[in-house]
Amino acid sequence: MADQEDLHRRGLMFILSSPSGAGKTTISHMLLTADEEIKLSVSATTRPRREGEIDGIDYHFVSEAQFDEMVEKDDFYEWAHVFNHRYGTPKGYIRSGLKEGQDFLFDIDWQGTQQLYQKDQQDVVSVFILPPSLVELRRRLESRGTDTADVIEGRMDRARGEISHWAEYDYVVINDDVDQCFVKVREILHAERMKRTRQTGLIPFVRELME
Ligand SMILES: Nc1ncnc2c1ncn2[C@@H]1O[C@H](COP(=O)(O)OP(=O)(O)OP(=O)(O)O)[C@@H](O)[C@H]1O
Ligand SMILES: Nc1nc2c(ncn2[C@@H]2O[C@H](COP(=O)(O)O)[C@@H](O)[C@H]2O)c(=O)[nH]1
C-alpha cells in the first residue's frame, strides 16, 4: 500500500535559463500570469535593485553580509556568482511546497541548474532559451534600458559561455517571436505535468478501473 505522500504528484522545479537578455524574465512573467498552478521561486541577490523591481516580488535584495549569513546557515538550495554579484535560491517555503505538489518556476543560470540536478533529478525540468542571434541579444539588452554600457558589454562577453551549456538542458527553445516562444514553453510544462512517472495520484483510480 502506497503511503499518503506518494498519492499526489510532487511539485515540479521548472527551470528557465538563457544568456542575459534572451527573454526568460519576459517568458516567466507570461507563464506566471497564464498559469495559476505555478509560483515563482524568488531568488535572493546582492545586485542592486533595477527601476521597477520590487523587493520580495522580483528578488529578495540583500546585503553581502546577509547573503554570507544565509550561506553559513545553509539556507540556499543553490547559489552562484553571476556578473560580479551573488544569486541564490532560498529553501524557505519551496521545500514544503514541492512536497505538497506545488510547481515552482526558477529563473536561474546554468550553475544553479547543475546544483538543482545534483540534489533532485526527478522533479527538475529545465528549458534553455536561445536568442535568434547575438546581434538581437545586444539589441534587447540595450532596448531594455536597465543596464549601463559596461554592464551590457559584460553580459555580452558571458553570453557565448552561457550558451555553451545548452546541451545540459532537457529542452531548448529559440525566442524569436515572444508569443510563439511562450506557447512552446507552456506546452513543455503541460506535457511534463502529465508524464506517467509523475502521475502517482492516479494509481488508486487505475487500480479501480482494472478491478
Ligand atoms: N521575442 C522578443 N522579441 C523582442 N524583444 C524581446 C523578446 N523577448 C524579450 N524581449 C525584450 O528583451 C529584453 C530582455 O528581456 P528579459 O529581461 O526578459 O531577458 P532575461 O533573459 O530575463 O535577461 P536577464 O537574465 O538579464 O534577467 C526586454 O526588454 C524584453 O522586453
Ligand atoms: N544560480 C542562480 N542564478 C540566478 C538566480 N537568480 C537569478 N539568476 C540568474 O542571474 C542572471 C542575472 O540576472 P539579472 O536579474 O541580474 O539580470 C540570470 O541569468 C538569472 O537567471 C539564482 O537564484 N541562482
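## Around ligand 2

Let's start with the ligand: 15 residues surround ligand 2, and the nearest of them are Ser43, Ala80, Tyr87, Ile108 and Gly112. Keep in mind that you're looking at a predicted model.

Which elements each supply at least two residues of the shell around ligand 2? Two strands and a helix do: β5 (76-82), β6 (85-90) and α4 (110-119). As for chemistry, the shell around ligand 2 is a mix of five nonpolar, six polar and four charged residues.

## The annotated domain

Now zoom out. An unreviewed UniProt entry puts the feature "domain: Guanylate kinase-like" at residues 11-190. Helix makes up 43% of that span and strand 23%. If you look for the two ends of residues 11-190, you'll find their C-alpha atoms 13 Å apart.

## A pair of helices

To describe two packed helices, you give the angle between their axes and the distance between the axes. Try it with helix α5 (residues 134-144) and helix α6 (residues 149-163): their axes come within 10 Å and cross at roughly 150°. Angles over 145 degrees count as roughly antiparallel, so α5 and α6 are roughly antiparallel to each other. The crossing of α5 past α6 is right-handed.

Which residues of α5 and α6 make the contact? On the α5 side they are Leu134, Leu137, Arg138, Leu141 and Glu142, and on the α6 side Ile152, Arg155, Met156 and Ala159. Sorted by class, the residues of this contact between α5 and α6 come out as six nonpolar, three charged and no polar.

Key. Residues numbered from 1 in each chain as written. Chains lettered and ligands numbered in written order. Predicted model: local features only at pLDDT ≥ 70, side-chain atom pairs only at ≥ 80, totals over all residues. Near = placed C-beta within 6 Å. Helix = DSSP H or I, 4+ residues; strand = E, 2+ residues; numbered from the N terminus. Nonpolar A, V, L, I, M, F, W, Y, C, P; charged D, E, K, R; others polar. UniProt positions renumbered as here; feature names shortened; annotations may be inferred. Axes fitted to C-alpha atoms, helices over the stretch in contact; angles between N-to-C directions. Parallel < 35°, antiparallel > 145°, perpendicular 65-115°, else oblique. Left-handed = near helix turned anticlockwise from the far one by under 90°. Contact = placed C-beta atoms within 7 Å.
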